Protein chains: 2
Amino acid sequence: MRNKATLIYNDLLQKIEQEVYPLGSYLPSENQLCELYGISRETGRKALASLAENGYIQKIRGKGSLVIEHRQYEFPVSGIVSYQELAHQLGIQTRNEVVGFNPNAQLPAHRFTIVEPTVTVAPVTAIKRVRVINGEPAIIDKDYLLKSVVPTIPKTAAETSLYAYLEGQLGLQIAYATKEITMEPANEEDREYLQLDKGAYMAVVRSMTSLADARPFQYTESRHRADKFRFRDFARRQKRG
Amino acid sequence: MRNKATLIYNDLLQKIEQEVYPLGSYLPSENQLCELYGISRETGRKALASLAENGYIQKIRGKGSLVIEHRQYEFPVSGIVSYQELAHQLGIQTRNEVVGFNPNAQLPAHRFTIVEPTVTVAPVTAIKRVRVINGEPAIIDKDYLLKSVVPTIPKTAAETSLYAYLEGQLGLQIAYATKEITMEPANEEDREYLQLDKGAYMAVVRSMTSLADARPFQYTESRHRADKFRFRDFARRQKRG
DNA sequence: TTTGACAGCTTGTCTAAACAAGTTTATAGT
DNA sequence: ACTATAAACTTGTTTAGACAAGCTGTCAAA
């Protein structure tokens with residue numbers, strides 16, 4: 001990372017995870033961080049603010065930055081993390097089956113709001129994948145990527161990691177996403193690919209992902225077996241005036 | 001709110017929602033904000049950073065702060081918002097039935113980790129409530145509040161708003177929470193209170209809420225009818241070094 | 001017409017300083 | 001032994017300034 005605050009954030013985070021700063025202990029004070037890293041106080045404070053934001057510490061005035069219990073990475077996580085990144089972090093035995101690949105599909109464009117408001121249908125690349133975890137098919141991912149942003153996608157990228165291709169090869173800057181989680185009855189496709197009984201339920205995560213320049217480019221529908229689904233979140237209470 | 005950044009955050013947020021700054025437009029530049037509000041640039045930047053964090057704007061270098069589509073408040077929301085606050089914001093017709101109130105209950109203390117690690121059981125006040133939305137019972141909330149933090153809770157507080165009592169009456173500063181969402185088959189209690197068939201599924205949200213001094217004080221199990229459940233989230237991608 | 005350089009905007013990063021306010025500890029006085 | 005005060009820590013807020021880097025339009029040169 002280029003900026004100092006992120007470097008310090010990563011360093012402190014690593015030391016929290018390695019229990020150099022264990023649960024219930026205090027991080028070095030802001031002034032100590034200045035000396036330790038050779039930075040100004042505000043720079044250190046930015047790193048601490050991010051740690052607090054993500055649930056690793058709680059800042060207490062007059063005392064310091066307390067290391068608190070944070071959510072471990074579970075599957076699937078909140079945040080934008082690609083499946084491959086996640087599986088790697090967790091050491092999960094996983095396989096990726098591309099069961100559909102259509103480089104010339106169409107999608108109603110009302111989903112991609114700001115971009116092309118006049119066009120009613122947008123050309124997309126459609127990818128359908130089944131995630132097999134420990135030998136059991138658990139998730140169906142349906143991705144639709146705007147061809148105006150990503151003209152071509154090699155099938156091998158879908159088989160390995162889509163994000164590695166988008167960020168690494170194409171240099172796209174993936175910035176943010178909105179997600180919606182609902183519970184829905186399994187449809188025929190679900191039952192077929194995931195070998196489920198009738199009456200089974202699915203956790204469905206629909207998300208729109210956008211680039212740093214605010215162009216939405218990817219719509220995803222991720223359908224999870226109910227019994228395999230878990231979502232963890234950390235939230236801070238906002239005080240409104 | 002006391003600090004300027006929060007004041008400006010609230011003011012900008014209001015103007016975004018009232019479409020003074022509509023979707024797709026740019027907020028005043030940072031230097032303009034300085035003049036508009038009579039503040040320094042860093043103070044304005046803190047307000048903008050919070051707006052970006054919560055998904056209202058996307059900052060684009062060289063251009064400005066673009067107003068992007070943000071999640072409307074849906075039910076239930078991410079974040080820590082009390083049921084009453086939420087229902088009020090949404091104008092939902094809602095009723096609150098306290099179906100259980102035990103001021104002398106016990107709960108395994110391993111949930112409240114840092115506080116009392118040696119004690120195996122913690123004294124809590126147990127509250128069970130059914131949320132009735134538009135005449136239909138939709139949610140069962142089971143709350144357990146540590147008596148070491150909140151010694152007594154009037155039953156009327158449970159009938160109206162628990163958070164209003166904790167923050168308003170007792171002056172407690174509720175700071176953060178970790179949540180976990182899973183899908184589980186409905187149990188007998190669910191079926192009884194929510195009038196469900198056998199084989200019905202529930203969305204279960206378990207959460208631990210803590211104060212500003214990092215003391216966890218509340219464990220909640222919120223059980224939602226599957227067909228009424230929806231969770232919306234906004235996430236930014238983190239770049240790791 | 002096209003190209004290229006540049007000025008003037010924008011946000012991003014970083015620093016140094018000052019003061020307010022909450023916590024802890026040492027100390028002096030009772 | 002107890003208490004009140006003060007000093008020395010902590011984080012919280014705010015400012016002013018500097019320079020880097022990305023975007024856009026202007027204007028002059030080719």
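## Helix H1 of chain B

In this predicted model, H1(B) is followed by Glu19(B), a residue with a positive phi near 60 degrees. At the other end of the helix, a side-chain oxygen of Asn3(B) comes to within 3.2 Å of the backbone nitrogen of Ala5(B). The 14 residues of H1(B) should span 20 Å at 1.5 Å a residue, and the end C-alpha atoms are 20 Å apart, so the two values agree.

The buried residues of H1(B) are Ala5(B), Thr6(B), Ile8(B), Tyr9(B), Asn10(B), Leu12(B), Leu13(B) and Ile16(B). An α-helix has 3.6 residues a turn, so residues three or four places apart point the same way. The cover over the buried residues of H1(B) includes helix H2 (30-37), H3, strand E1 (57-60) and strand E2 (64-67) of chain B.

## DNA strand D

DNA strand D is surrounded by 25 residues, and the closest are Arg41(A), Lys4(B), Thr43(B), Lys46(B) and Arg61(B). Of the atoms of DNA strand D that come within 4 Å of the protein, 71% belong to sugar and phosphate. By class, the residues of this surface are three nonpolar, nine polar and 13 charged.

Contacts reach phosphate, sugar or linking, and base atoms of the strand. In the side chain of Ser29(A), an N or O atom is 2.9 Å from a phosphate oxygen of DNA strand D. A polar backbone atom of Gly62(A) is 3.5 Å from a sugar or linking oxygen of the strand, while a polar backbone atom of Gly62(B) is 3.3 Å from a base nitrogen. Two or more residues of the surface near DNA strand D come from each of helix H2 (30-37), helix H3 (41-53) and strand E1 (57-60) of chain A, and from each of helix H1 (4-17) and helix H3 (41-53) of chain B. H3(B) gives the most, with four residues.

## DNA strand C

Around DNA strand C there are 24 residues, of which Thr43(A), Ser29(B), Arg41(B), Glu42(B) and Lys59(B) come nearest. Sugar and phosphate make up 70% of the atoms of DNA strand C that come within 4 Å of the protein. The surface near this strand has three nonpolar, nine polar and 12 charged residues.

Both chains A and B have polar atoms by the phosphate oxygens of DNA strand C. An N or O atom in the side chain of Asn3(A) is 3.1 Å from one phosphate oxygen. From chain B, a polar backbone atom of Glu30(B) is 3.0 Å from a phosphate oxygen, and a polar side-chain atom of Arg45(B) lies 3.1 Å from a phosphate oxygen. The elements giving two or more residues to the surface near DNA strand C are helix H1 (4-17) and H3 of chain A, with H2, H3 and E1 of chain B.

## Chain A overall

Chain A contains seven helices and nine strands. Its C-alpha trace spans about 60 × 40 × 40 Å along the principal axes. Of its 241 residues, 51% count as buried.

The accessible surface of chain A is about 11800 Å², and carbon and sulfur atoms hold 47% of that area. Among contacts in chain A between residues at least 6 apart in sequence, 57% link residues at least 24 apart.

## Glu159 of chain B

Glu159(B) lies in helix H5 (residues 155-159) of chain B. With a relative accessible area of 37%, Glu159(B) is partly exposed, because this value falls between the 20% limit for buried and the 50% limit for exposed residues.

Leaving aside residues up to four places away in sequence, Glu159(B) touches Asn96(B) and Val98(B). Glu159(B) and Val98(B) are 61 residues apart along the chain, and their C-alpha atoms are separated by 6.2 Å.

How values were computed
Residues are numbered from 1 along each chain as its sequence is written. Chains are lettered from A and ligands numbered from 1 in the order in which they are written. This is a predicted model: local features need pLDDT of at least 70, side-chain atom pairs count only at pLDDT 80 or more; totals for chains, interfaces and linings use all residues. Side-chain values use heavy atoms; hydrogens and water are left out. A residue is near a molecule or strand if one of its heavy atoms lies within 4 Å of it. A polar contact is a pair of N or O atoms within 3.5 Å; within protein, one must be able to donate a hydrogen and the other to accept it, and residues adjacent in sequence count only if both atoms are side-chain atoms. Ala, Val, Leu, Ile, Met, Phe, Trp, Tyr, Cys and Pro count as nonpolar, Asp, Glu, Lys and Arg as charged, and the others, Gly among them, as polar. Buried means under 20% relative accessible area, exposed over 50%, partly exposed in between (1.4 Å probe, protein chains only). Contact means heavy atoms within 4.5 Å. Accessible areas come from the Shrake-Rupley method with a 1.4 Å probe; for residues, only the protein chains shown count as cover. The expected span of a helix is 1.5 Å times one less than its number of residues.
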